[in-house]
Structure formats: C-alpha cells, structure tokens
Amino acid sequence: MKRYAVTAAIAACLLAQAQSAPAHAQGAAYSDGKIKIGILTDLSGQLSDSTGQGSIAAAQMAVEDFGGAINGTPVELIFADHQNKADIGASTARRWYDVDQVDAIIDVPNSAVALAVQQITKEANRVAIFSSPASSDLTGKACTPNGLHWTYDTYALAHVTAEAVVASGLSSWYFLTSDYAFGHALERDTGAVVESQKGKVLGSVRVPANNADFSSFLLQAQASPAKVVALATAGADTQNAIKQAAEFGLGQSGKNIVALLLAISEVHALGLPATQDIMLTTPFYWDMDDGTRAFSKRFFEKRKAMPTFYQAGVYGAVSHYLKAIKAAGTDAAPDVMKTMKATPVNDFMTKNGSVREDGRVLRDMHLFQVKTPAESKAPWDYYKLVRSVPAERAFRPLSESDCPLVKKM
Amino acid sequence: MSQLLGIPPQALFGQLLLGLINGSFYALLSLGLAVIFGMLNVVNMAHGALYMVGAFVAWLLLTYAGVGYWGALILAPLVVGLVGLALERTLLRRLYKVDHLYGLLLTFGLALIFEGAFRHHYGVSGQPYPIPDLLKGGTNLGFMYLPTYRGWVVAASLLVCLGTWFAIERTKLGAYLRAATENPTLVQAFGINVPVMVSLTYGFGVALAGLAGVLAAPIYQVSPMMGSNLIIVVFAVVVIGGMGSILGAIVTGLGLGLLEGLTKVFYPEASNIVVFVIMAVVLMVKPAGLFGRER
Amino acid sequence: MSLQTRDTLHEGLALRGGSPKVLLTGALLLLAVLAPYALYPVFLMKVLCFALFACAFNLLIGFAGLLSFGHAAFFGGAAYVAAHAVKEWGWTPEAGLLAATAAAGAMGLVFGLLAIRRQGIYFAMITLALSQMIFFLALQLPFTHGEDGIQAVPRGHLFGLFDLSRPLTMYYVVLAIFLGGFALIWRTVHSPFGQVLKAIRENEPRAVSLGYRTDRYKLLAFVLSAALAGLAGGTKALVFQLASLTDVTWQMSGEVVLMTLLGGMGTLLGPVVGAALVVTLESYLASTSLPVPVVIGAIFVVCVLLFRRGIVGELLHRLPGKGKR
Amino acid sequence: MTTGHMTGHTGDIILEARGLTMEFKGFVAVKEVNLQVRRGTIHALIGPNGAGKSTVFNLLTKFLTPTRGRILYKGRDITAMKPADVALLGMVRSFQISAVFPHLSVLENVRVALQRPLGTSFHFWKSEETLRDLRGRALELIEAVNLTPWADHLAAELPYGRKRALEIATTLALDPEVMLLDEPLAGMGHEDIEGTAALIKRVSADRTILMVEHNLSVVAHLSDTITVLRRGEILAEGPYEAVSRNPQVMEAYMGTGHA
Amino acid sequence: MPEGMRATTARTGTAMLDIADLHGFYGESHVLHGVDIAVRQGEVVTLLGRNGAGKTSTMRAIMGIMGKRTGSIRFQGQELIGMAPHKIPRLGIGYVPEERGIFSSLSVDENLALPPVVKEGGMTVPQIHALFPNLKGRGATQGTRLSGGEQQMLAIGRILRTGAGLILLDEPTEGLAPVIIEQIGVAVRALKQRGFTILLVEQNFRFAATIADRHYVMEEGHVVDMIPNDQLHANMDKLHTYLGV
C-alpha cells in the first residue's frame with residue numbers, strides 16, 4: 001500500500017514536469033511554427049540588477065520593435081533564472097532545446113553558466129548569443145560555430161582600459177585582484193597591455209572571494225607609489241572596494257581608481273560621492289547620442305532605471321538574430337549563424353559592428369570617468385567620456401586567437 | 001631593521017589596527033551568538049540574516065522615514081530584537097524538546113527566507129548608506145589614514161561588548177542569565193519566568209546582530225547577501241572561543257580579526273581559510289573551545 | 001513468521017520479501033526504465049544523481065544519527081575529480097567515476113577521523129568548517145578553473161562500448177549507477193553492520209557497553225556515505241559535462257539536508273522522494289518569478305516544525321499496525 | 001565462555017579496585033576505595049545519596065577515568081582500557097535509565113548483542129540473513145526473561161518493567177562473567193520488583209554480579225556481600241547480617257545522634 | 001494527641017500544604033504512586049524513607065518541575081497542579097534542592113541575592129550572616145568553592161531572603177560531617193522559632209527527630225506511615241525496618 005502511495009507521488013511530480021513538454025508542431029517556414037527565444041539570466045543573484053528583469057524587458061522591446069512576428073510566424077519569448085549555477089543553467093538550456101524547441105538562448109550572465117551553455121548549444125545545433133558574460137574563452141578555446149559573444153569580453157576590458165588610461169598619462173599601476181579565474185585573467189591581460197604601452201605594474205594583491213572587507217588590501221595599495229589602482233573584481237566585491245576606497249580617501253591621496261568591470265546600475269547604487277572620478281570601460285552609456293537616449297528613455301519608463309550595457313546588448317542581440325532569421329528565411333542554426341556573421345551590426349548602441357568567424361562581435365569601446373556630484377546635472381547623469389577605442393583595437397585579433405574554428409596560416 | 005618579515009613596521013601597525021576593526025565586528029556578532037547559544041542551546045544560523053536585516057532597517061528608515069543614522073542606531077536593533085522575540089515565541093520555542101540540531105535547521109531555513117525575501121524586493125546591488133556627517137573624514141596617524149567612522153566602529157562595538165559583558169557578569173539580571181544557563185529548572189523554581197528570559201535573551205542576541213548591521217551599513221553596501229558571507233566566519237569564531245562563553249566570544253573575535261589581518265598581508269590567498277583551520281585544530285585539541293566549559 | 005515480517009517492516013520501505021514486494025519492485029523498476037520516454041532524460045538523470053546523494057547522506061543521518069553539514073565537499077569535490085580525470089587525463093568514464101568515488105571516500109576518511117570524535121552540534125560544525133575549506137580550495141586551486149569550473153567534459157564510451165553522448169544510453173547508465181548505489185545502501189542498512197549502526201544511533205552508551213567500539217562503526221559509515229556522495233557527484237559531472245563551484249557550497253550541503261528531511265530521515269525511499277521533489281521544484285521555480293530561496297527556506301521551516309518525519313516517514317507512521325516509526 | 005566450571009560462592013577475586021580516587025574540580029567524589037569482588041557472588045554497593053556509588057560504578061566500567069588508583073579484572077590491569085574493550089573481556093554493565101534500543105524489535109535488541117562474536121559486525125555487504133542462526137539463541141534469552149509474547153514488538157512499545165527485563169536479556173546475550181547492574185529496580189512498581197529480583201537471582205548462577213541498588217530488602221535478600229559507601233569512602237563491608245548491625249552503617253542510614 | 005487525630009486535623013482545612021493522591025512521572029517511569037501529605041502552618045514535617053522512595057520527587061512535584069503529575073497539591077487553598085512553575089514560588093514557597101544547587105558561575109553574594117523576594121518579611125542579609133556566620137566575608141568567592149556545609153548554608157540562606165513562609169528542604173545533611181550537621185540543625189531550629197513552616201526530606205532520621213513535629217515515611221512512591229515526633233521512641237522498631245539496613 002504505502003509503496004503505491006509513494007510511487008504515485010513520484011509519478012505525479014514527474015508527470016507535472018512532463019506536461020511542460022509541448023507536442024511537436026510542424027510549421028511552414030520555421031521549424032515548429034514559431035520562433036522561440038530563451039532569455040537565460042540571473043533573476044536572484046549577484047547580477048540580477050544589471051541583467052535579470054532588465055534583460056527580459058530589453059528583449060521584449062526588441063521583439064515588439066520587430067513586430068512580434070516574422071512572415072506571420074510569431075516570435076515567442078521565454079525566460080528562466082539560472083541562479084548562477086552552471087548545472088541549473090545547463091539543464092535549463094538542454095530542456096529548452098530538447099523539449100521546448102527553443103531556437104536561441106540569449107543573455108547568460110556568469111561565465112561558468114555561459115561556457116556550459118556554449119557546449120550544449122553546439123551539441124543541439126542551435127544558437128546562443130552571449131550578451132552578458134565576460135570570459136573571452138567563449139570566442140577563444142571554447143568557441144563553437146553556434147555561439148556569438150555580443151557585448152564585451154575580458155580581453156576588451158583589459159585592453160581598452162589599459163591602453164586608454166596609459167595614453168592619458170597614468171602609467172604606474174597597482175592591481176586589486178579577485179582571487180579567481182576572472183580576476184586573474186583581467187589582471188594578466190591588463191598588466192600585459194600596460195607594460196606593452198611602456199607603463200609599469202608596481203604590484204598587486206589577491207583578494208579572496210566574498211571578502212566584504214577590503215580595507216587591508218586598500219591600505220597595501222595605498223602604500224604603493226602607483227598612480228593607478230585597478231580593480232580586477234566584479235559584482236559586490238567591486239562595490240565594496242569602491243565604497244571603502246572612498247572611505248580611506250584613496251582618491252584624495254592621489255590614486256586614480258580604475259574599475260575594470262562596472263555597470264551603471266552599480267554606480268547608481270553606490271552613489272556619486274563614492275564613485276566620483278573612477279574610470280571604467282563600457283560599450284554603452286545611455287547619454288551618448290539621440291539613439292541611445294531614445295532607447296534609454298523607453299527602457300526607463302518600463303524599468304525605472306537606465307539600461308546597463310548588458311541590457312542594451314540583449315536588445316541588440318535579439319534584434320540582430322531576428323533580422324538574420326528574416327533574411328535567411330529559416331531558423332536553422334547554420335543558416336542563421338551564417339547570415340548573422342555576414343550582416344553588419346547597426347543599432348543605437350553599435351555603429352558598423354561586425355561579427356567575426358570566431359563568433360566575436362566587434363564594436364567600439366569607450367573609457368568613461370564618473371562625474372563628481374557637482375558635475376552631475378540630473379539623475380543618472382553619471383559619466384563623461386575620456387576616449388573611445390575603435391573596434392579593431394579593442395578586441396583580440398584573430399592572429400592571437402586559440403579558437404579552433406580559426407584557421408591559422 | 002626597517003623591515004619586519006618583508007613588511008615595513010608602519011604598514012604592519014596599520015594592518016593590525018584594521019584587524020582590530022574587523023575583530024570588533026566579529027566580536028559583536030559572535031557575542032550575540034554566544035549569548036543565544038548559552039541560554040537556548042541553539043546555533044543561530046539566522047544570525048547573519050538578522051545582521052543584514054539590521055542594516056536594511058537602517059536604510060529603510062533613512063529612505064522612507066527620514067530617520068538618520070543616530071536614530072537608526074537605536075531603532076534598528078530594537079526592530080530586529082522584536083523580530084527575534086517573535087521568532088522565538090512562535091517557532092523556536094517548539095523545538096526545545098527535540099534534538100538541538102533541529103534548532104540549527106530551523107534557523108538555517110529562516111536565514112534563507114530572510115535573505116531571499118530581501119533579495120527579491122531590493123535586488124543584490126546593495127543600497128548606499130552614507131556615513132553620518134559627524135563621523136566623516138579621517139585622521140592621518142602617520143602609519144595610516146584612519147577614517148573617523150572606523151574609529152567609531154571600534155569604539156562603539158568595544159563599548160557594547162564591554163557593556164554586555166558587564167551586564168552579564170556584574171548585574172542582577174546577568175546573574176539570572178548565568179544561573180539559568182547553568183540550571184534553568186532551579187531558577188524556575190525560584191520564581192523566575194525562565195521562558196520569558198529565554199525569549200528576551202534571543203531578542204537581545206539578535207538585537208546585537210542588528211546593531212552590528214547598522215554599524216556596518218556605512219562601510220559596506222546594504223545588501224541582502226552581506227550576512228551570509230560573514231556568518232560562517234563568525235560561527236567559527238564562536239566555536240573557537242567556546243560556545244556560550246561571553247568573554248571567549250569577545251576575545252576570540254578580536255584575536256581572530258588581528259590574525260586574519262596579518263594573514264591578509266603575508267599570505268592573502270589563505271585569509272579565507274585561516275579561521276577554519278584554527279577552528280578545526282581547536283576543536284580537536286579543546287573541543288569546548290578556548291574559553292568554553294565542557295557541557 | 002510474524003517475527004520475520006516485523007523484522008523488515010519497521011525498517012521503512014524495504015523492497016524484498018513476499019510476492020507483493022517483488023511485484024512492486026518490478027513495477028518501480030519498469031517505471032524507471034520507461035520514464036525517459038515520457039519525461040525529459042536530463043531532468044531524470046539530475047533527479048537520480050541527487051537522489052543518490054541524498055540517500056548517501058541519509059545513511060549517515062538516518063542510520064547513524066550523524067548530521068553532516070558539509071556533504072557538498074564530497075559531492076562537489078568528487079565531481080571535480082571525475083571531470084578532471086576524464087577531460088584532462090583522458091580516462092574512461094568508468095575509471096573517472098571510480099576515481100571520484102575513491103577520492104570522496106578518502107576525503108571522508110580524513111573528515112571522519114577529525115569529526116567523528118565529537119557529537120551533535122559540534123559534529124555539524126566541524127564538517128561545515130572542513131567543507132568550507134574544500135570550497136575555498138576549489139575556488140583557488142588551478143585545476144578546478146575557479147568560478148568557471150571544468151567545462152565541456154566528454155562523456156566518452158562506457159567500457160569502450162556504450163556511447164554516453166546518447167541521452168538514453170547515458171540515462172540507463174545513470175539509472176544503473178543509482179540502483180547500484182541504492183542497493184549498496186539498502187544492503188548496508190540490512191547488514192550485520194547496519195544492525196550495529198542502528199543500535200549506535202538508538203543508544204550509543206549501551207552499544208559501547210555491549211562491546212562495540214562505536215567510533216569505528218561511525219567512521220566506516222562516514223566513509224561509505226562520503227564515497228557514495230562522491231559517486232553521485234562524479235555521475236553528475238558526466239551528465240552535465242561540467243564540475244562547478246555550485247556543488248561544493250555550503251548551500252548545497254543545506255540542500256541535501258532539506259531533501260532528506262523532506263522525504264524522511266531514516267527511511268530508505270524518503271531521500272529519493274525528497275530529491276525528486278526538490279529538483280522538480282527548483283526547475284519549476286527557475287522559470288517563474290518566485291524567489292527560490294524563500295520557497296526552499298519556507299519548506300525547511302515547515303518540515304522542521306511540522307513534518308520532522310518527512311513525507312515517507314509520515315506515510316509509514318500513519319499506516320496502521322506498522323510500528324511507531 | 002568459561003563459566004561452566006565455576007563453583008558457587010567460593011571463587012577467587014575476579015574484580016578488584018585499588019586506591020580508587022576520583023576528583024571533580026577539587027571535589028573528591030570517591031576516595032581511596034579498595035574493593036574486591038569474588039567470583040560467583042552477588043555483590044551490592046549501597047549507601048546514602050551522594051555516597052559516590054554511581055561514580056564507583058562508572059569508574060569500574062571505564063565510563064569515567066579515575067584520578068588515581070587501579071582497577072584489575074581477573075588479575076589484569078584494565079585501568080587504561082576503553083569501555084568497549086572491557087565489555088569484550090566479559091564485564092558488561094547496565095544503566096540507571098533503561099538502556100534498550102527503542103526502535104529495534106525485542107529480537108533485534110538481543111541479536112545485536114549476540115552478533116558480535118560472529119566477527120561480521122563491519123560487513124556491510126553481507127545480508128542480515130547471515131544473522132538468522134542467532135534467532136534460536138535470541139528467542140531462548142527472550143524466553144528466559146518472559147518476553148516471548150513481545151519478541152516482535154519494538155522495544156519502545158514495552159512497558160517500563162519489561163524494558164529492564166529486555167536489558168538484562170541483552171546483557172546476558174554476551175554471556176558475561178561479570179554483570180554490573182546500575183539500580184536495576186529503580187522506577188519499578190511492586191509487581192515488577194519481585195519478578196526482576198527473581199530474574200537477577202536466576203541469572204546469577206555461574207556469574208558474578210555487582211550492583212548498585214537502593215531497595216535494601218531486595219539487596220538483603222540477594223547479596224552475598226554488601227559494601228556500604230559514605231562520602232566516597234567505604235564504611236563497611238560484609239554479609240548483610242554483619243553490615244546491618246554495624247553501628248557506623250546504622251548511623252549512616254539513620255543519622256548521627258541527637259545534636 | 002493520638003496519631004489519627006493529628007492527621008485528621010491536618011486534613012480538615014487548616015493545612016497550609018495539602019497533597020492528595022499525587023502521582024508523578026519522569027518520562028515513562030512512574031515514581032509517585034498516590035502520595036498524601038498535609039503540613040500545617042508553623043509545623044516542621046519530615047519525609048523519611050530510603051533512597052528512591054520518592055521523597056525528592058514529591059518536592060519536585062510541589063515545585064512543578066517534574067514531568068507529568070496527577071492528583072492534587074494545594075497550598076493555602078490554591079491548587080498548584082497546572083500552575084506555571086515560576087508562579088509557584090511566588091506564592092511563598094522556598095525550595096532548597098537536593099545537592100544544594102549552588103551556581104558555579106555566580107559568586108556567593110550573587111547566589112544569595114538570586115531568588116527574588118516574593119513576600120515581605122524575609123530575612124535581611126545581615127540577619128542571614130548572623131544565622132550562618134560562615135558566609136560572612138565570603139561574598140566574592142565563587143559559589144561552588146565553598147565547602148559542602150557552607151554551600152548548604154548558602155542554599156538555605158538565599159531562600160530565607162525571599163520571605164517564603166513554607167520552605168522545602170531536601171536532605172540538608174547529605175554528605176556532611178557531624179559537626180556541620182549540628183550547625184545546620186541549630187539554624188533550622190532557629191527558623192522554626194521564627195515561625196517558618198518546613199517540609200524536610202531526610203534519610204538521617206536522628207537529625208530529623210531533633211527538629212520535626214511529625215514524620216511521614218515513604219516507600220516505593222507513597223506514604224506508608226506517619227509518626228508524630230513524640231511517639232518516635234515507641235516506634236523505633238518500625239523505623240528500623242523502614243529505614244535501616
């Protein structure tokens with residue numbers, strides 16, 4: 001008796017799971033009668049403010065702007081929270097491809113999840129457009145014919161920041177580095193550029209992960225004669241480091257703080273008194289031209305916040321994908337990928353961007369400095385442009401690539 | 001010799017001072033945990049979450065009620081204490097008759113709920129909380145720049161720690177608490193309402209966490225995750241000091257802060273682990289903790 | 001005759017003996033074999049991995065009375081070992097799984113030697129601290145690739161014969177591993193050793209007075225539990241083709257406690273049910289806006305307050321005439 | 001075991017304590033106790049509350065480690081041995097509060113004690129069926145303490161007195177040479193007391209029993225030798241008749257004269 | 001007064017403490033099997049009996065600190081069964097537990113000051129010091145550092161402060177040397193003169209005989225006999241069977 005009850009209970013929950021699997025419907029032009037895009041994002045963790053619901057909103061805007069359908073085939077948007085767990089992200093991606101007939105996965109903040117999704121996408125032969133993760137491995141040794149890396153990567157952050165900052169005359173550096181792969185990669189790449197530009201790396205300190213208190217490391221940075229203190233950190237670490245750097249008066253003691261990865265939502269959260277004068281690299285700022293302002297205004301009405309570069313990237317990625325499907329007349333991944341790579345990227349955020357054979361999207365990057373409270377005229381008026389770096393100088397050249405797709409001479 | 005183990009002595013002083021600052025945070029949090037454990041035999045896994053709630057209450061007061069830092073310093077611990085009181089009366093109380101491990105599991109669940117709820121409502125970026133005007137700026141001590149606010153944190157938490165120690169070791173109320181920790185039944189038989197004392201103790205313990213949260217708000221971002229990152233370390237501090245020992249919590253809190261500070265200079269990669277290594281060693285050698293009584 | 005049945009009945013959902021049991025076991029097995037045709041295989045494999053993990057954990061809490069708050073170290077640690085062995089050293093999947101199990105068992109031996117001497121809250125705290133050290137090691141050691149984890153682990157061919165990249169093949173292999181692990185746990189619980197273990201759980205001083213060196217039994221149980229948790233972790237690494245930090249966090253240790261608590265500590269099927277429910281719930285919640293931790297936390301609180309026996313334990317308890325379990 | 005050739009009450013010394021002393025934080029609970037238990041006898045340890053009986057008991061079974069002094073079992077120094085090892089030598093104790101395994105059946109309770117000599121206690125890969133051979137012996141023991149109707153019940157379901165009987169059956173399963181009973185009659189009603197006392201008498205054949213017990217009429221009836229403790233020291237020792245007339249013992253029990 | 005008469009008087013409403021058919025349990029162990037006791041205002045009454053007879057359990061039952069209780073315990077007419085344990089002492093009952101219950105984490109002074117004053121008319125600290133001179137000047141000492149006898153004095157002294165009219169004394173002579181027992185005896189008699197009502201648990205019946213008015217004898221969880229103090233000598237043989245070895 002009891003066993004039947006338990007069996008029934010298990011069966012019931014498994015069946016509930018099964019019901020989410022729709023029957024395979026056969027469409028005319030497109031594989032299952034609809035074009036289905038999955039936004040795999042972080043709705044509850046570290047990155048949920050800079051991506052999360054904002055990413056979903058941006059994707060919806062892109063679909064709406066496209067008319068919601070292509071040649072009568074509806075475009076459907078679904079989303080899921082990967083909880084920053086690679087296995088949850090991977091199993092969601094698999095289920096989407098295998099069961100839910102998702103055609104493309106977009107966004108995917110968190111490099112660990114992205115790397116897992118990259119593999120699965122290749123096996124399922126669908127499309128993944130990574131607009132939020134950082135790891136340049138996605139178009140390096142982990143590149144696939146099915147993945148695009150849309151917005152930025154660690155290589156670009158390192159190069160643009162180092163080049164632009166050294167060019168503006170600040171040549172001695174000290175690193176505050178998160179003691180894990182992301183931090184190590186950023187420090188290594190940035191340091192290499194600094195030295196190639198005749199700058200000097202005077203020292204670095206490895207900060208353990210999830211360490212709320214940075215004062216000890218900031219003190220070590222302060223003791224160094226370096227002009228630049230570079231934060232090779234992310235998320236909450238960056239925020240705490242910035243806040244405490246202000247507290248310990250790093251700025252007053254003549255240090256220039258450079259945040260290698262910082263989103264506008266984080267600047268907003270920290271406030272200008274703490275973030276003023278910090279330098280950062282980003283591919284997008286809402287107040288660059290009429291195009292960015294128009295998009296951002298619409299976005300703001302939906303989300304009560306200005307879009308981050310991640311979220312703006314999601315819009316661009318969805319738009320470019322839909323364009324390619326329309327042009328190719330099919331949603332079959334190889335054709336769509338081919339079309340996407342052949343089509344230049346042009347939207348409010350990207351001018352004359354292009355997609356390279358390794359999946360890397362090339363776009364201009366910009367070094368900004370955060371305004372002082374006095375300079376800021378309005379809410380969200382946060383950045384002033386220091387210099388722009390053109391796409392071809394910002395990203396890793398194919399000659400240095402270790403992507404297996406790239407044929408070496 | 002101008003260098004000590006490769007570090008200029010002045011930098012070393014600076015690091016020791018910083019260690020002391022962190023240590024006073026540890027002390028404040030572990031003190032609350034120790035008080036609770038001594039009386040309730042509950043390892044309060046929700047302590048970190050309630051520390052976070054304390055910081056959030058301060059931020060909410062500032063943002064929506066215009067109550068500033070000084071008001072929050074009183075109100076936030078009070079709110080957190082009341083929350084604790086309610087939790088003890090409605091939930092924890094039901095578990096005293098079963099294995100202590102259930103108390104641990106319950107508070108673990110509570111921690112998840114608190115953190116999840118705040119994360120859901122306020123996101124994870126964290127909210128900024130300004131340093132109060134009175135405590136802005138800093139002093140150059142020669143070997144380091146000491147922000148006034150950090151000085152205040154050390155002073156305030158040492159004051160609270162010593163005050164708590166005094167209240168427990170030197171007052172009538174403290175005598176009740178110590179006696180009830182030792183033999184609650186007999187204290188009950190003297191006409192003291194022990195269940196109410198237990199509730200108040202829990203309330204007081206988590207109020208200390210709330211206070212620590214307010215003190216932390218201007219230093220760290222007020223973020224839903226600020227507690228969970230800290231709590232396991234504080235946990236270890238309490239275990240090293242001796243579960244339930246008041247003095248042990250304070251002294252080990254400060255001591256481990258210093259030790260961790262030194263590790264950050266000499267071998268930063270290990271600074272996450274050092275406390276746990278010490279905890280494992282202490283538990284093996286002296287299972288009741290450095291200051292604990294065998295129970 | 002009555003002795004015989006009583007002997008096994010109060011044990012929980014023992015799957016042996018008379019013909020109804022054989023029938024039922026058969027039915028369950030058939031269900032498991034047919035499941036991937038109705039349900040999504042990766043989901044099923046995930047459930048099976050966590051079910052094995054929870055069963056391994058339950059061997060310790062349910063049958064030896066020891067609450068480990070650091071079991072993620074074995075689960076996640078073994079996942080790294082399996083992933084590394086298969087990907088970097090090119091080992092076969094079976095060798096990778098063996099290595100994962102052995103590594104977890106060895107870790108269990110070290111943890112066990114340190115922790116077993118203390119009881120109750122202290123035991124939980126020591127295991128938590130030790131597993132937190134493993135977490136930081138996994139974060140910082142080069143071979144784990146930090147927060148990226150070990151990615152793109154090839155599934156390979158089992159015994160050089162079965163191509164595991166085919167979902168159904170992989171599923172049946174995972175099912176076989178799960179059944180093997182479950183059978184081992186079942187056998188352990190119903191072995192001479194299991195009898196002593198239960199006696200220790202019920203009344204340790206009395207077991208000592210009967211001449212049992214209880215520490216050694218607890219240590220063996222700990223090592224077995226760790227090794228099986230490792231087997232589950234290694235399998236999961238093959239299924240998802242990655243090993244990541246998620247599986248070594250203390251939240252994962254908490255999650256396996258929840259699965260076991262929810263399903264029913266000390267019952268054989270409880271952890272399986274608990275794991276299935278929690279995994280289903282998590283994958284369901286992933287596509288809603290409900291905050292996952294809040295729901296999980298609420299379940300924790302409800303279980304601790306109202307359902308300490310767990311689902312299966314509660315069912316057994318309510319069945320008439322089946323002892324007071 | 002080796003109990004077969006034993007002859008009644010004339011045996012040699014099987015258990016001996018020499019200068020046994022136990023101090024707790026400056027408080028001396030047991031002071032220089034010298035105790036000799038003869039093989040084949042029932043030996044009772046009595047004394048007013050706080051006399052240190054339980055402490056002596058825990059010291060003899062190694063659940064406490066003495067501050068000073070030595071304990072010899074069959075001439076062998078066991079002072080440094082672990083409790084489980086002492087049990088392996090044939091000296092098994094019971095507990096003040098009933099010590100059964102509540103969620104094992106009565107049969108399993110006894111079987112756990114029987115299975116150790118099989119040497120398969122660590123064999124987690126073997127079937128429980130390998131313990132089947134023990135059933136006969138287990139049922140015999142259960143029969144001996146009149147628990148047969150309860151054999152397939154969980155121990156937790158037994159009434160209090162029956163639990164004590166089960167505990168004795170479990171202890172007997174080890175076929176111990178020395179049984180140490182800690183207040184075997186505590187918390188029992190009238191009905192149970194007589195039965196249990198008779199049981200103790202019955203199982204004492206070919207065995208040595210050392211017990212702590214408050215029920216003096218039972219002690220008087222059962223014991224060959226009585227040791228009276230007071231304030232951690234031995235006050236008197238001997239057969240009931242001698243001890244009961246000892247003025248010091250009377251004083252210990254009845255109090256000092258008018259103040 | 002004949003034995004029967006006294007018992008009846010005690011039962012007819014003038015009793016300060018009236019216990020009827022009291023059963024008590026620790027978990028599943030049934031330790032009190034229908035206890036009947038009555039104590040009148042100003043009386044000193046002992047519970048005699050061997051170890052394990054249920055004397056201490058009776059005390060704990062009165063204080064409400066044992067598991068399950070049934071029957072009736074009335075103090076000055078108020079039913080104690082079902083009352084919250086911390087309210088019972090506040091009615092004016094002071095409890096000196098077995099093994100004295102001195103707190104090791106409290107100093108002598110703190111131990112002395114611990115039980116709250118529940119009624120007016122309690123003794124002052126100087127008065128207590130006068131009664132137990134040994135306690136004088138030891139205020140800062142850790143409670144458990146005192147000798148056994150001094151601890152006993154402290155345990156009694158701290159209850160006298162509270163103003164409780166009924167005092168439950170559980171084996172005040174346990175494990176003490178004769179000279180100390182004598183001192184305790186002097187103190188208890190002084191208390192009696194001050195009008196305290198005392199329920200005394202003793203194994204040491206010779207000590208009890210010097211101070212008590214009546215003696216209840218307990219065996220196996222219930223009262224088997226009641227002997228007025230003035231009839232003790234006549235009942236020595238019976239007592240020897242009850243208590244002797």
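Let me begin with one bond: the torsion about the S-S bond of Cys143(A) and Cys403(A) is about 75°, so this disulfide, meaning a pair of cysteine sulfur atoms within 2.5 Å, is right-handed. Before I go on, please keep in mind that this is a predicted model, in which local features need pLDDT of at least 70 and side-chain atom pairs count only at pLDDT 80 or more, while totals for chains, interfaces and linings use all residues. Residues are numbered from 1 along each chain as its sequence is written, chains are lettered from A and ligands numbered from 1 in the order in which they are written, and side-chain values use heavy atoms, with hydrogens and water left out.

Back to the cysteines, then. Over all chains the structure holds one disulfide, and in it the sulfur of Cys143(A) lies 1.9 Å from the sulfur of Cys403(A). The pair links distant parts of the chain, 260 residues apart: Cys143(A) sits in the loop between strand E5 (127–130) and strand E6 (147–149) of chain A, and Cys403(A) in the segment after helix H14 (391–394) of chain A, where helices (H or I, at least four residues) and strands (E, at least two) are DSSP runs numbered from the N terminus. Both Cys143(A) and Cys403(A) are buried, a word that stands for under 20% relative accessible area, with exposed over 50% and partly exposed in between (1.4 Å probe, protein chains only).

What of Cys55(C), and why is it not bonded to Cys49(C)? The closest cysteine sulfur to that of Cys55(C) is in Cys49(C), and at 12 Å it is too far for a bond. Cys55(C) has 3% relative accessibility and therefore counts as buried, and Cys161(B), because its value is 1%, counts as buried too.

Now to the interface of chain D and chain C. Here 47 residues of chain D are in contact (heavy atoms within 4.5 Å) with 36 residues of chain C. The two chains bury about 3,700 Å² between them, 59% of it on carbon and sulfur atoms, where buried area is the accessible area (1.4 Å probe) that two parts lose on being put together, summed over both. On the chain D side, Phe122(D), Phe124(D) and Glu128(D) lose the most area to chain C, together 19% of what that side buries.

How many salt bridges cross between chain D and chain C? The rule, a side-chain nitrogen of Lys or Arg within 4 Å of a carboxyl oxygen of Asp or Glu, finds one, and in it the side chains of Arg213(C) and Asp85(D) meet at 2.5 Å, N to O. Across this interface there are also 14 residue pairs in polar contact (both at pLDDT 80 or more); such a contact is a pair of N or O atoms within 3.5 Å, and within protein one must be able to donate a hydrogen and the other to accept it, while residues adjacent in sequence count only if both atoms are side-chain atoms.

Let me turn, last, to chain E and chain D. In this interface 28 residues of chain E are in contact with 28 residues of chain D, and the area buried is about 2,500 Å², of which carbon and sulfur atoms give 57%. Between chain E and chain D the rule finds zero salt bridges, and the count of residue pairs in polar contact (both at pLDDT 80 or more) is likewise zero.
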